[in-house]
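Trainee: I should be grateful for a close look at a single part of this structure, followed by an account of how that part sits within the whole. Please also state what is needed to follow the terms.

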Amino acid sequence: MALPPVKYPAVFVTGVIIFLLGGLWYSPVVFARRWMTLMARSEEELKAGAGSMPVNFTLAFLCGLLIAWVMAIILGYVGSPSAATGAIVGSLCWLGFAASTSYATAVFSNTPKELWLINSGYNLVCFVIAGVILSVWR
């Protein structure tokens, strides 16, 4: 089975948007303070244990590109999807793959539900945005 054609400029732009959204989502403007509290960590502890930030940022960006590439492939099987279809496909991918697996992990690792909501909410927004962008990119 051959993979459908992928619009790589759309994948790249979507990966950049996912990366930038992560920066905003986990910034003090949105969820950084609450996220750090739920992680029971200070900013200094997170920085000390984070390893090399350039490497971490690079890996986060590559993950965004991977999300975008796979979403483009999935949407390629849909045909000519609309923005609404892209949002639905993104939501379903989140629900069936990201939300369900991360929730099961959170339950068994005693992760606070609010922490799961912050992290999983980011994934939901990323998947929906990716679905919309990749659906309407011509």
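Mentor: A residue is called buried when its relative accessible area is under 20%, exposed when it is over 50%, and partly exposed in between. With that cut-off in hand, we may turn to the model, which is predicted. The part chosen here is helix α1, and the setting comes before the detail.

The chain contains six helices and zero strands, so its pattern along the sequence reads α-α-α-α-α-α. Along the principal axes, the C-alpha atoms fill a box of roughly 45 × 30 × 30 Å. Of the 138 residues in the chain, 33% are buried. Among contacts between residues at least 6 apart in sequence, 78% join residues that are at least 24 apart.

Helix α1 runs over residues 8-25 and has 18 residues. From its first C-alpha to its last it reaches 25 Å, which is close to the 26 Å expected at 1.5 Å a residue. Its buried residues are Ala10, Val11, Thr14, Gly15, Ile18, Leu21, Gly22 and Trp25. These residues lie on the same side of α1, because they cover an arc of only 135 degrees around its axis. The general rule behind such a pattern is that an α-helix has 3.6 residues a turn, so residues three or four places apart point the same way. On the other side of α1, Pro9 and Leu20 are exposed.

What, then, covers the buried residues of α1? The cover includes α2 (32-38), α4 (53-78) and α6 (113-136). One pair of residues illustrates how α1 and α4 are placed. Leu62 is located in helix α4, and its C-alpha is 7.7 Å from that of Gly15, although the two are 47 residues apart in sequence. Gly15 is among the buried residues of α1, whereas Leu62 counts as partly exposed, at 46% relative accessibility.

The segment before α1 also deserves attention, since Pro4 lies there. With a relative accessible area of 12%, Pro4 is buried. Leaving aside residues up to four places away in sequence, Pro4 touches Ile73, Gly76 and Tyr77. In contrast to these contacts, Leu92 is 20 Å from Pro4, C-alpha to C-alpha, with their positions 88 residues apart in sequence.

Helix α1 also contributes to the largest pocket, which has a volume of about 900 Å³. Its lining comprises 25 residues, and those nearest its centre are Gly22, Tyr26, Trp35, Met53 and Phe57. Gly22 is thus named here and also among the buried residues of α1. At least two lining residues are supplied by each of α1, α2, α3 (43-49), α4 and α6. The most comes from α4, with seven residues. By class, the lining has 16 nonpolar, seven polar and two charged residues.

The second largest pocket has a volume of about 190 Å³. It is lined by 14 residues, and Pro5, Lys7, Ala72, Gly76 and Leu134 are the closest to its centre. Two or more of the lining residues are given by α4 and by α6. The largest share, three residues, belongs to α4. The lining has eight nonpolar, four polar and two charged residues. Gly76 therefore links two parts of this account, because it is one of the residues closest to the centre of this pocket and, with contact meaning heavy atoms within 4.5 Å, it is also touched by Pro4.

Two loop residues complete the survey, and both concern the backbone. As a general matter, most residues other than glycine have a negative phi. Ala40, in the loop between α2 and α3, has a phi near 55 degrees, a positive value in a residue other than glycine. Asn110, in the loop between α5 (83-108) and α6, has a positive phi of about 55 degrees although it is not a glycine. Are these two residues buried or exposed? Ala40 counts as exposed, at 63% relative accessibility, and Asn110 counts as exposed as well, at 68%.

To return to the part requested: α1 has its buried residues on the same side, with α2, α4 and α6 included in what covers them, while Pro9 and Leu20 are exposed on the other side.

Notes: Residues numbered from 1 in each chain as written. Predicted model: local features only at pLDDT ≥ 70, side-chain atom pairs only at ≥ 80, totals over all residues. Heavy atoms only, no water. Helix = DSSP H or I, 4+ residues; strand = E, 2+ residues; numbered from the N terminus. Expected span 1.5 Å × (residues − 1). Buried < 20%, exposed > 50% of the residue type's maximum accessible area, 1.4 Å probe, protein only. Arc of directions from axis to C-beta. 1 Å grid on protein atoms, 1.4 Å probe; cavity = no way out; pocket = protein on both sides within 12 Å on 5 of 7 lines; lining within 4 Å. Points joined across faces, edges and corners; volume = space filled by probe spheres on them. Nonpolar A, V, L, I, M, F, W, Y, C, P; charged D, E, K, R; others polar.
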